[in-house]
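Dear colleague,

I am passing on the structure we spoke about, with the sequence alongside. Please open it before reading further, since the notes below are easier to follow with the model on screen.

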There are 2 protein chains.
Amino acid sequence: LTFSPISRIVIPMNRHYFDWAASALPDPLTESEPEKNENIPFGNPSSRHAEGRAARDALEDARARCARVLDVEPEQLYWTSGGTEANAIPLHALLPYAKMSTALFSEGEHASVRENFLMITLLNRRICPIPIGKEGRVTPEALEKTLEKCPDAALAAIMAVNNETGAVTDMAALAETVRNRSSSRPLHLHCDMVQTIGKIVFPLSKTDSASISGHKIGAPRGIGLLYLKKPLEAFLRGGGQERGIRPGTENVAGALALAASIERHAAPGIVRVEYEKAAKRFARLIAFLRGHARCVLIPDDRILKDSRFSPYILQMRVKKIPGEVLVRVLDDAGFAISTGSACSSTSWARPVLSAMGVRKDAMLEGIRISQGWATTDDDISALIDALTHIMEVY
Amino acid sequence: LTFSPISRIVIPMNRHYFDWAASALPDPLTESEPEKNENIPFGNPSSRHAEGRAARDALEDARARCARVLDVEPEQLYWTSGGTEANAIPLHALLPYAKMSTALFSEGEHASVRENFLMITLLNRRICPIPIGKEGRVTPEALEKTLEKCPDAALAAIMAVNNETGAVTDMAALAETVRNRSSSRPLHLHCDMVQTIGKIVFPLSKTDSASISGHKIGAPRGIGLLYLKKPLEAFLRGGGQERGIRPGTENVAGALALAASIERHAAPGIVRVEYEKAAKRFARLIAFLRGHARCVLIPDDRILKDSRFSPYILQMRVKKIPGEVLVRVLDDAGFAISTGSACSSTSWARPVLSAMGVRKDAMLEGIRISQGWATTDDDISALIDALTHIMEVY
């Protein structure tokens, strides 16, 4: 991993960072673009004096820059504190109005979606999972069946790229399924795009809402975006900031950094070029894994360059080495790798793999390898060498 | 306002910043303390590899530093995205369990409390306001009466320092009232301390929960703290971060900056020294205002050094000049001042002043002057000169 020296960020030497899906390396350039980000107005964007207006201008400029890259209207983007909050807003917006409707969520959802769905059942709201099957993605057929079962569905949360397996959902086809269903009730299609933005080109406008996390694409923590095709009535209230969708004094510095990250990493041309590079790097790794009897890809039919999966995330296992052990051994060898989602690292449960029908013993062996724009061929080579060595020893 | 040159922060020359209650000047030292904050680990604190552990260590170190200054246990502090979120967590925690209980909130609460209370009535939850009276604060008598009216009260949200008038609530006396009431039901006392921390010494442990906002005491946006005497079951869910109280990848950089801000501005010794200086500066301003027939303090019996009010926030009006106009004229003259809360600047409603019984015409003339640690005597002199001049012209 070669990376130019960055002030205030520690990049350990002799380390290979393969946990980009948990948090990307902070992109130093998004913090130091001289013309755009050097001067961060400190005023409260809701204040009407010069300092407040300067902050407001910066905030709206950052929003417009994000909208331009993401090909949506600035008014459709709302700053949030991150992906978790952006995922919760559309679901929680249903609470006051949706006593009689069902909320659907795919079995592959990140904890920030799944756990909030489970929570609303305590308020006597109905929820229903959409099966993801062996491949770990919602198919139009699976969605259709669930919609038939729940004609009163008001919202469906389906992630575009799974954070544990990299499985890519055909969101355009699902949007089509939603449009073509018999029920005439409006159905809100929410899409967790935390692992999609900057990785795979996908038009936000195919969804009713989508979540974006800053720190997954090089911006600092504490900033994210919610795309909303149309405004809604948010449940969390406060001073009316972000047109009522997300209260709290706006994080101007975070917004500017996220705008810079999105410009540098999420523009379609850049995404396509980086996608090819990432796919090529992972193809080498996958070729090695497929050639080794003890290595199993999850799901096991993933091939070298496989458009069904994000080339940034890979779930695999080494037979007879528990995932937790492999992560520790690789860490000692200089590799940062996780088992599944960092967010569920405190629990042994692997709900996504479980929903895919992965056997329990295999599940406990699963590890996630995720890469990013600063990953090099040398990182891949080092990882292949390390895995080879570990399998000889263990 | 003299302030040393700060990289990345614009402090306009010839400006006098009197809107600290909306957002404090960022304290450059909290961002550049070489030993403590220079190196911010970029890993996800939930990851188990070296990068993750470094981030976790930094996060817990920041928490311990805050706990030391605030005289609570580190386990009682939870990082949030800011004050708004910290205010919502205890209220929303009631939702799944509190069908049969009432939530109380003072009429003086900030929008981030008030609006969330109003919102839960849509879920058929009962709420009841606690009157603040002419002085703009909840008295033990007012709380007692409300508790008698609502024996099923499960939570009471009462702010310690009002963000529009500076009115200081005697939280210790209120805590005593709660303890001494006849009902044996547990009652959770939540305290918005956004305008208290770093301004007035008050023990968090007198409350069951309290909210702290980073950007009100010199830290960046997007970070805050929730103090919780005992853990609770939060409503917003996700990856289980912050022991389930606040989901989302933890903002390590924000936490370190907030720890530095709290050490520099919220330690009791510093708070007491700064309090005296602030009170002395405001005493000059209040003497001027009291000496001028067109100037009215809100409430009008506020005296020079008045322990009933925070020396950092002052509400006043100039007869015959609408607040919006005065703010604009002062802005043109180089002064950053707000009418009320920046958070409600998009609305003409002034619920706090209204609850205090301020007449509508007087209410529309109200402006808020708020100062901070970088405010100087020269700022006060300049403001007095400007007000004198404006009253001659308008």
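What follows concerns how chain A and chain B of this predicted model meet.

The interface brings 76 residues of chain A into contact with 75 residues of chain B, and the area buried between the two chains is about 6,000 Å², with carbon and sulfur atoms giving 54% of that area.

As for polar interactions, there are six salt bridges between chain A and chain B, and one that you can look up directly joins the side chains of Arg15(A) and Glu51(B), at 2.7 Å from N to O. Counting residue pairs in polar contact, with both residues at pLDDT 80 or more, gives 26 between chain A and chain B. On the side of chain A that touches chain B, at least two residues each come from β1 (9-10), α3 (50-70), α4 (83-93), α5 (111-120) and α10 (323-332), and it is α5(A) that gives the most, with six residues. By residue type, this side of chain A divides into 31 nonpolar, 26 polar and 19 charged residues.

Turning to symmetry, chain A is superposed on chain B by a rotation of 180 degrees with 0.0 Å of shift along the axis, at an RMSD of 0.0 Å, which means that the relation is that of a two-fold axis. Gly222(A) is the residue of chain A that comes closest to the rotation axis, its C-alpha lying at 2.7 Å. The copies meet through the same surface, because 99% of the interface residues of chain A are also interface residues in chain B.

With best wishes

Definitions and conventions: Residues numbered from 1 in each chain as written. Chains lettered and ligands numbered in written order. Predicted model: local features only at pLDDT ≥ 70, side-chain atom pairs only at ≥ 80, totals over all residues. Heavy atoms only, no water. Contact = heavy atoms within 4.5 Å. Buried area = accessible area lost by both parts, 1.4 Å probe. Salt bridge = Lys/Arg side-chain N within 4 Å of Asp/Glu carboxyl O. Polar contact = N/O pair within 3.5 Å; in protein donor to acceptor, adjacent residues only side chain to side chain. Helix = DSSP H or I, 4+ residues; strand = E, 2+ residues; numbered from the N terminus. Nonpolar A, V, L, I, M, F, W, Y, C, P; charged D, E, K, R; others polar. Least-squares fit on C-alpha atoms with pLDDT ≥ 70 in both.
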